[in-house]
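This report walks through strand pairing, nonpolar packing and the surroundings of one charged residue. Please keep the sequence and the coordinates at hand while reading.

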Amino acid sequence: MMSRLRPVSLFTLLLLTGFAQGQENRAIPVKIVRPVVAPVYEELPLTGSVTTRRLSRLSPEVAGLVARLHVDEGDEVRQGDALLELDRDIAEIDRSGIVAQVSEAQARLKESLRQKDEAAQLVEKKHIPPTRYEAALATVDIDTAALERLKRELQRQEEMIRRHTISAPFDGVITQKLVEQGEWVRIDTPLLELVEIGWLRVDVPVPQFYFNNVQLGTPARLTFDAYPDRDFLAGVTMKVPMSSEAGRTFPVKIDLDNSERLIAPGMSVRVVFQLGGTGAGDSLLLSQDAVVRKPDGSESVWVIKPDGDGMKAREVDVSTGRAYRENIEITAGDVQAGDRVVVRGNEILRPGQLVEIKEELQLNL
C-alpha cells in the first residue's frame with residue numbers, strides 16, 4: 001500500500017524559514033584567491049633522460065711509467081688539478097743536458113761578440129783587412145742562431161716534462177680509474193674518465209608535430225622522481241634537426257644547473273615545455289576551483305565585496321577560455337585582477353551571503 005504524503009504544517013514552515021534566515025545572517029567561512037594577469041601557455045609533457053655535457057677519457061701525450069695517482073673514482077676535481085703523474089726522471093736528465101748546452105752556447109756567443117768588437121777596432125786602425133771583421137760578424141750570427149736553437153729545444157723539453165702530468169681539462173668527477181701506479185702507458189692508453197657534473201644535459205625526444213613549436217630558450221619545467229615536490233626550471237639549449245626513424249622524434253637538449261649536486265647522469269626526468277605564450281599581460285587567470293558550473297552550461301564565480309555589515313558574496317556570470325595548469329582563463333565577466341574570489345566554500349553561497357575569509361590562497365603559475 002502506498003503511503004500518503006502528509007501536508008507540511010505552518011509551524012514547520014516557520015521553523016525552516018527561521019533556519020534559512022539564520023544561515024543568511026551567519027558568516028560562512030571561505031577561502032579566496034585573487035585573479036592575476038599572466039601569459040597562458042600550451043603545456044607539452046614529455047619524458048627525457050639526464051646525460052652529461054662533457055665526458056673525457058684522458059690519455060697521456062707521452063709514453064711513460066705511472067709514478068703517482070692523485071685521484072680515485074668518485075673524486076670531484078677542479079680544472080687544472082693534477083690527476084696523474086708519469087715518471088719524469090729521464091726527461092729531467094735530458095733537460096739538464098740541454099741547459100748545459102745553452103750555457104755553453106751563451107759563453108761562445110759572448111766570446112764571438114768580443115772578437116767582433118776587437119776586429120772592428122783593428123780594421124779601423126788598418127791592422128787587419130776588412131774581411132777579418134766580416135768573418136767575425138758571420139761567427140756572431142752563427143753562434144746567435146745556435147743559442148736560439150738550443151733555447152727552443154730547452155723550451156720543447158720543458159713542455160715534454162709538463163706533459164708528464166695529466167691535469168683536469170674542466171671541473172668534474174672521476175668516474176673511472178683505468179690504470180694503477182707502476183703501469184707503463186702509451187700515448188693512446190686511456191687513464192681516467194672525467195665527467196662534468198656542475199652542469200648536466202637533459203635529452204628529450206620531441207614528436208615531429210611539435211618540433212617547430214619548441215625553439216631555443218623555450219621554457220621547460222623538469223621534475224625528478226627523487227624530488228617529486230620540487231620543480232627545476234630551465235630553457236631549451238639546442239635542438240637537433242635529425243629525426244629518429246623509429247619514433248619520428250627529434251632530439252631537444254636542455255642544459256641544467258647542477259651546482260647543488262642533486263641530479264646525476266642516467267636519471268629519468270619528466271619535462272613540461274611551455275609552448276605558445278600569448279605575451280605578458282593579456283590573460284586573466286583564476287583557479288578552476290573558483291568557477292561554479294551549472295547544469296545549463298553557464299558559469300559563475302563568487303566575488304567578495306565589503307559591505308556595511310561585513311564581507312558579502314556576489315555571484316558574477318563569467319565565460320572561460322583556455323586551461324593552464326590548475327587555472328582557467330576568464331574571457332568575459334565583471335571580474336578584475338586583485339578581486340577577492342571564493343575558491344573554497346562557494347558551493348553553499350547565496351547572493352548577499354555574509355562570509356568570513358579564513359585564508360587567501362595563491363595561484364600556481
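## Strand 22 and its partners

In this predicted model, strand 1 (residues 28-33) pairs with strand 22 (residues 340-344) in the antiparallel sense, and three bridges connect the two. Within that pairing, Ile 32 has Val 342 of strand 22 as its bridge partner.

Strand 22 is also joined to strand 19 (residues 299-307), again running antiparallel, here through two bridges. The bridge partner of Val 303 in strand 22 is Val 341. Strand 22 is thus described by its pairing with strand 1 and by its pairing with strand 19.

## Strand 3 between two pairings

Strand 3 (residues 42-52) runs antiparallel to strand 16 (residues 268-275), and eight bridges join them. One of the residues involved is Glu 42, whose bridge partner in strand 16 is Leu 275.

Strand 3 pairs with strand 12 (residues 199-207) as well, in the antiparallel sense and over four bridges. In this pairing, Thr 51 is matched with Arg 201 of strand 12.

## The nonpolar cores

Which strands each supply at least two residues of the largest nonpolar core? That core holds 23 residues, and the members touching the most other members are Val 202, Val 204, Leu 222, Phe 224, Val 271 and Phe 273. At least two of its residues come from each of strand 3, strand 12, strand 13 (219-224), strand 14 (227-239), strand 15 (249-257) and strand 16. A second core, separate from this one, comprises 19 residues, including Ala 38, Leu 284, Val 291 and Leu 363.

The contacts of Val 204 give a closer view of the largest core: when residues up to four places away in sequence are not counted, Val 204 touches Leu 46, Thr 47 and Gly 48, then Phe 250, Pro 251, Val 252 and Ile 254, and finally Val 271 and Phe 273. As a general tendency in soluble globular proteins, nonpolar side chains are buried together.

## Glu 85 and its surroundings

Glu 85 is part of strand 7 (residues 82-86). Is this residue buried or exposed? Its relative accessible area is 15%, and because this falls under the 20% limit, Glu 85 counts as buried.

The side chain of Glu 85 makes a polar contact of 2.7 Å with the side chain of His 70. Leaving aside neighbours within four places in sequence, Glu 85 is in contact with Leu 65, Val 66, Ala 67, Arg 68 and His 70, and also with His 164 and Thr 165. His 70 therefore appears both in the polar contact and among these contacts of the buried Glu 85.

Definitions and conventions. Residues are numbered from 1 along each chain as its sequence is written. This is a predicted model: local features need pLDDT of at least 70, side-chain atom pairs count only at pLDDT 80 or more; totals for chains, interfaces and linings use all residues. Side-chain values use heavy atoms; hydrogens and water are left out. Buried means under 20% relative accessible area, exposed over 50%, partly exposed in between (1.4 Å probe, protein chains only). A polar contact is a pair of N or O atoms within 3.5 Å; within protein, one must be able to donate a hydrogen and the other to accept it, and residues adjacent in sequence count only if both atoms are side-chain atoms. Contact means heavy atoms within 4.5 Å. Two strands pair if DSSP finds at least two bridges between them. A nonpolar core is a set of buried Ala, Val, Leu, Ile, Met, Phe, Trp, Tyr and Cys residues joined through side-chain atoms within 4.5 Å.
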